[in-house]
Amino acid sequence: MRVTELAQPAGSPATPTDEWQTSTRQVGPEFDPTNPIALGPVVAPAHTVDGFVREFLHELNTGQGVTLADSTVNDQYLALARTVRHYLMARWLESLRRTHQGCQKVVGYLSAEYLLGRQLDNNLLASDLDEIAEEGLASCGLNLSTLRTQEIEPGLGNGGLGRLAACFIDSLATLRVPAIGYGIRYEYGIFRQTFVDGRQVEQPDTWLTLGNPWEFPHPERAVRVDFGGHVEHVTDGEGNDHARWVPGWDVLGVPYNYMVPGFENGWVNTLRLWTAKATKAFDLALFNSGDYVAAVRAQTFAENITKVLYPEDTTPQGKELRLQQQYFFVACSLHDYIESLGEDFDLRDLPDRVTFQLNDTHPVIAIPELMRLLVDVHGLDWDEAWDITRRCFNYTCHTLLPEALETWPVEVLGRLLPRHLEIIFKINDAFLADIRAEYPGDEMRVRRVSIISDWPERSVRMAHLATIAAVKVNGVAELHSELLRDKVLPDFSELWPDKFTNVTNGVTPRRFIKLANPDLAALITDAIGPGWLTDLERLQELEPNAEDKDFRKAFRKIKAQNKVRLVRFLQKRDGITLPEDTLLDVMVKRLHEYKRQSLKLLHIVSLYERITTGKLDPASVTPRTFIFGAKAAPGYRLAKETMHLMNAVAATVNADPRVQGILSVAFPPNYNVTLAERYIPAADLSEQISLAGKEASGTGNMKFALNGALTIGTDDGANVEIRQRVGDANFFLFGMTEPEVAELGALGYTPAVFYESNPDLKAALDLIASGAFSEGNPYTFEPIVSNLLYHDRFMALADFESYVATQQEVDKKYADQDAWTKSAILNVARCGYFSSDRSIRDYIDRIWHVKSL
Ligand code: 26Q
């Protein structure tokens, strides 16, 4: 049946709005699942093609105000998204009601970043509408994949940490854990990367301009957030001190809610992102006097807070606006959660009702904020408040680089948040008194553990504050957690050994297998039956299939098709021409020295140099396509130079007939989640080549392995655990171990030694230095060459020989397609552990102690 437009959606009674839709809170009628009115007008449309089409056309007509014939792709996309929303709505409201009614302990995930990726497909999948939507749209003459491409992904994160937060909220919902994600609704997310003459040029990410159908703004629930000013102290009749913060200025935080649906389980959690709005629209008097700029100055200032995501990762710069962002979203979130408990709630019970997970140090200002709320606003005494606060937070650290540990100058923090600074000092005084009591005379230790550092300027060490207040502190892979305990925070782990734990990261198989690689997902289901997407350890049932010739053939075919699809996609998107059936070698991640994109480059340049000079017989080289994807922090000079060299090498190699059909290099711009979903299913080889001891975990490594790419990697981060699971025969290990790195560092790393002793390395570096990739100009890449030769903290040259030798093993193995495919299948079969569902279960069992509903 073809459903006509302007049809009344099935089963929508004309009832007034219920309590969820009003601005002042009223207590609604007791929930009665048999009475659809109890949920107001929210009844999911029929789960049929007709029901879907009816709803879709209704949305197009009444939501977008267009007919199907007149509609643009954007109209169609928005109507489709709203249609999907309708299906999820009843479940969402019901999940919220159950969360509140059950007086459950809730996980409050505090993260400055959520790198969500596109929402449409994920939400279609979660609500089991993918096939219905495809068919329904086709009956309207529309193509689902065309509408899909209309969505600009919310890029509200930089890299691994933001993507991890997105995987975790997916798993929380899939495990039916009552949880709320809190974060920032940046008006501009991670910049859009373009290349001009091979150099990165950043463009604003205008993700909101065509409308965002996935969000629910609630301006009527705005929260006021104070900044600046000063603190007054008064002593009451009983001699007790009371602080009163007299703020200098304030802003409003407007919540935008997003649905976070579990996978086919009827559960929907909330992601609540905050936008800053001025408390006053503009100054009418100034406007009337003709000073239009001054009239809106305060508004512009306030609304700048959530304007843009800081595109740095790992190197925190002490930018005041960044601290404003952090406090802004944390203050909104704590206020929001506490208010949701109701006026009569006894805050001494707070630790029974919430556990806040601090995603790195970015939200750590929540600790003094909770103290302020308890002591200054709710009148609890300090010790009681500290006891509560110490039971509400856990802290995840995501780094090992000392320079990545956030600190805030005391001057900046005191100016922006004077009361919080006082609270931090008081926490520190009490803590240091304990330390002095425990370690009398050990003033060096006191200096080491103090929240306040005196050098190079007086500043607040956010990681120390977090570690002192948190119940549990965790690293994100076994090796990382060990190094965190022993090298980053050794004094704290000596003091509180039980506070430290590990939760190895994971990734959601819904997005990174089922959505990204539907054919592989279907093959897996054929082999082991359904159910594995929410029980990923079941992938081990695939193991026997590695020995099955037909299965291997089917597996290989899917990989080959994914490659063809990728090559055609890149041809269309970027005009890049790549071969369709070579070994596809992929390195995608943020650009950073420690991740060593330059080592990958040296490998490519060395192959190129050896082939073109006749040292290497081209017939002995496995034809390869190298794909890079990376964004660099805009102010990170060396990283940007490295990208320039990547592009220059790509241009030279691709244009040289001597390596045609043997080496191809591509660096498509603007790597993001959507592109990752294209690369990962097509890759044969996953490059995870950080200097051992520097990559906290990595999560791309897991996504590739789960899609049947083999890893070439160092003994770093979660690579260690991947190798343990897949076995040495199915993993290409190279390079120094962490203790070897430490030893070489202690002896003094001299890159020239490696340069002089390895002729291939010397030739590769010399070729770059000669100007071969810069039209003869030897100065262009001089900063990179001299960094590698003289200053490289990440010892790329030390691992070169081992890397190149291991790449030869890769070639050898790839020549035996059967052996390669067996290993690839075993990678899939043995990596079920790396589901983010397992990570979340670990958090539940060892850290949060919450119940699944
Ligand atoms: C901090 C202050 C000011 C400006 C920026 C920042 C900032 C922003 C983002 C600092 C760090 C980040 C992101 C860090 C990150 O992505 N870390 C990665 O986290 C992954 C998930 O745990 C790990 O797998 C990676 O190993 C780790 O590098």
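Start with the shell of residues around the ligand in this predicted model. By class, this shell has six nonpolar, eight polar and six charged residues. Select the 20 residues around the ligand; those that come nearest are Leu161, His398, Asn505, Glu695 and Gly698. Next, color helix 6, residues 160-174. Helix 6 gives the largest share of the shell, three residues.

Now show the side chain of His398. One of its N or O atoms is 2.6 Å from an oxygen atom of the ligand. Then show Tyr594, where a polar side-chain atom lies 3.2 Å from a ligand oxygen atom. For Ala696, display the backbone instead: a backbone N or O atom there lies 3.4 Å from an oxygen atom of the ligand. How much of the ligand does the protein bury? Taken alone, the ligand exposes 610 Å², and the protein buries 95% of that.

Leave the ligand and move to the sheet. Select strands 20 to 25, which form an open sheet of six strands in the order 22-21-20-23-24-25, with parallel pairing. The edge strands are strand 22 (663-666) and strand 25 (732-733), and each of them pairs on one side only.

Go next to strand 21, residues 624-629. Is this strand largely enclosed or open, and why? Six of its six residues are buried, so strand 21 is largely enclosed by the rest of the structure. In a regular strand, side chains alternate between the two faces of the sheet. To see this here, color Arg624, Phe626 and Phe628, which point one way from strand 21. Then pick another color for Thr625, Ile627 and Gly629, which point the other way. Both sets are buried.

Add strand 20, residues 583-588, which runs parallel to strand 21 and is joined to it by six bridges. Label Leu584 and find its bridge partner in strand 21, Thr625.

Continue to strand 23 (residues 685-688) and strand 24 (residues 710-713), a parallel pair with four bridges. Select Glu687, and opposite it in strand 24 stands Ile712.

The last stop is helix 30, residues 782-791. Select its buried residues: Ile784, Val785, Ser786, Asn787, Leu788 and Leu789. Which helices do these buried residues pack against? Turn on helix 22 (597-612), helix 23 (637-655), helix 28 (751-757), helix 29 (759-769) and helix 31 (796-815) to see the partners.

Terms used. Residues are numbered from 1 along each chain as its sequence is written. This is a predicted model: local features need pLDDT of at least 70, side-chain atom pairs count only at pLDDT 80 or more; totals for chains, interfaces and linings use all residues. Side-chain values use heavy atoms; hydrogens and water are left out. Buried means under 20% relative accessible area, exposed over 50%, partly exposed in between (1.4 Å probe, protein chains only). Helices (H or I, at least four residues) and strands (E, at least two) are DSSP runs, numbered from the N terminus. Contact means heavy atoms within 4.5 Å. A residue is near a molecule or strand if one of its heavy atoms lies within 4 Å of it. A polar contact is a pair of N or O atoms within 3.5 Å; within protein, one must be able to donate a hydrogen and the other to accept it, and residues adjacent in sequence count only if both atoms are side-chain atoms. Accessible areas come from the Shrake-Rupley method with a 1.4 Å probe; for residues, only the protein chains shown count as cover. Ala, Val, Leu, Ile, Met, Phe, Trp, Tyr, Cys and Pro count as nonpolar, Asp, Glu, Lys and Arg as charged, and the others, Gly among them, as polar. Two strands pair if DSSP finds at least two bridges between them.
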